[in-house]
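This report describes one protein chain, beginning with its surface and overall build and then turning to single helices and residues. Please keep the sequence and the structure in view while reading.

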Amino acid sequence: MRQAQRAVSATLLWHLRVLAGWLPRGGARLLVPLTAGFEIANVVSRLPTPDGRRAEAPEPYRLGALETAWRSLERARTPAETRAALTASPWGDPGGDTPWALVTGMRMAAARRTAAAVQPARRWAQGRAALLAARELFVHHRSLLEPVLRDAARLLGTRPTAAATYQEFRERLPSPAGWALKDIDEPGELWRAEARWWRTVRADGAALLREDRYGPRVVVGAVALLSVDAWRVRAALESAAREGRPGEVFDALV
């Protein structure tokens, strides 16, 4: 099942690389933040497992013109070297060199970079930041490191991440991000928010494709729909493996 899921993701990446190749000179830069998840996956595959072991890493996703700093990150042999490579790149310092710090820092940085560079996707990035912060603070009960807090503040303001409870966090979210957690009353239901996020990306992406024939917004819409289709296939594979238990499926995928 994992191999099948990875094949789906690799196919998506190939389609995005083809799309980037068809864009005018410099157009691929629009796709780089939107494909950041593949570079994050490459880093995750090389990090130690929670028990300290190093599993055999799969062949990394080949990003081509869509990479941010993979050539430097690929040369890193330790978490400390990975942190140094991130700090010297557009990703920025994640704030620590534990596997959790590296991955959380990259995920929040991806939301920050997307919001700054891809205006049609800014609302998605803010919703993603709200989901990530809520999961770390109120599911895993982990404090956010300073660089992650700074990136979150750019997208959510400073008040939500200072909240003492999940309910307070949700109430403090600005409206461009609050939609992601609307009617999600408990942290244990964040898998429903994750599903809503993908449905929103799908609806917004379809609208972007309908509104014009040319331009960056159409490209962003195409990336959105391709990504949602891949996510749905991966979710179906996960659901089949877990005998249709939806909460576990979405938790596994995030």
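## Surface and charge

The accessible surface of the protein comes to about 12,900 Å². Carbon and sulfur atoms account for 53% of that surface. The model is a predicted one, and every value in this report is computed from it.

Among the side chains of the protein, 38 are positive and 27 are negative. The centres of these two sets lie 5 Å apart.

## Overall build

Twelve helices and zero strands make up the list of regular elements in the protein. Read along the sequence, the pattern is therefore α-α-α-α-α-α-α-α-α-α-α-α. The radius of gyration is 18 Å, close to the 18 Å that the globule rule gives for 254 residues, so the protein is as compact as a globular protein of that length. Taken along the principal axes, the box filled by the C-alpha atoms is roughly 50 × 45 × 40 Å.

How much of the protein counts as buried? Of its 254 residues, the share is 46%. Contacts can also be sorted by how far apart the partners sit in the sequence. Among contacts with a separation of 6 or more, 58% are between residues 24 or more positions apart.

## Helices α2 and α4

Helix α4 covers residues 79-87, and its residues P79, T82, A85 and L86 are buried. Which part of the helix do these buried residues line? Seen down the axis of α4, they fall within an arc of 115 degrees, so they line one face of the helix. The cover over them includes α2 (36-46), α3 (70-75) and α5 (99-117).

A80 also has its place in helix α4. At 41% relative accessibility, A80 counts as partly exposed, because that value lies between the 20% limit for buried and the 50% limit for exposed. The C-alpha atoms of A80 and W231 are 31 Å apart, and the two residues are separated by 151 residues along the chain.

In α2, the buried residues are A36, F38, E39, I40, N42, V43 and S45. These residues pack against α1 (2-22), α3, α4 and α5. Helix α2 is thus part of the cover over the buried residues of α4, and α4 is among the helices that the buried residues of α2 pack against.

## Two buried residues, T114 and Q126

T114 is placed in helix α5. Is T114 buried or exposed? With a relative accessible area of 10%, T114 is buried, because the value is under 20%. Not counting residues up to four places away in sequence, T114 touches P33, L34, A121 and A125.

Q126 lies in helix α6, which covers residues 122-138. Its relative accessible area is 7%, so Q126 is buried. Which residues does Q126 contact, leaving aside its neighbours within four places in sequence? They are L155, L156, P176 and A177. Of these, L155 and L156 fall in the range of α7 (146-156), while P176 and A177 fall in that of α9 (175-178). The C-alpha atoms of Q126 and A180 are separated by 8.6 Å, with these positions 54 residues apart along the chain.

## Residues in loops

Most residues other than glycine have a negative phi. H141 has a phi near 55 degrees, a positive value in a residue other than glycine. H141 is found in the loop between α6 and α7. Its relative accessible area is 63%, so H141 is exposed.

D183 also has a positive phi, of about 65 degrees, although it is not a glycine. The place of D183 is in the loop between α9 and α10 (190-211). With a relative accessible area of 48%, D183 is partly exposed, because this value is not over the 50% that exposed requires.

T98 lies in the loop between α4 and α5. At 40% relative accessibility, T98 counts as partly exposed. How far apart are the C-alpha atoms of T98 and P48? They are separated by 9.1 Å, although the two residues are 50 residues apart along the chain.

Terms used. Residues numbered from 1 in each chain as written. Predicted model: local features only at pLDDT ≥ 70, side-chain atom pairs only at ≥ 80, totals over all residues. Heavy atoms only, no water. Helix = DSSP H or I, 4+ residues; strand = E, 2+ residues; numbered from the N terminus. Buried < 20%, exposed > 50% of the residue type's maximum accessible area, 1.4 Å probe, protein only. Contact = heavy atoms within 4.5 Å. Rg over C-alpha atoms; globule rule 2.2 N^0.38 Å. Areas by Shrake-Rupley, 256 points an atom, 1.4 Å probe, with all protein chains shown as cover. Lys, Arg positive; Asp, Glu negative; His and termini not counted. Charge placed at Lys NZ, Arg CZ, Asp CG, Glu CD. Arc of directions from axis to C-beta.
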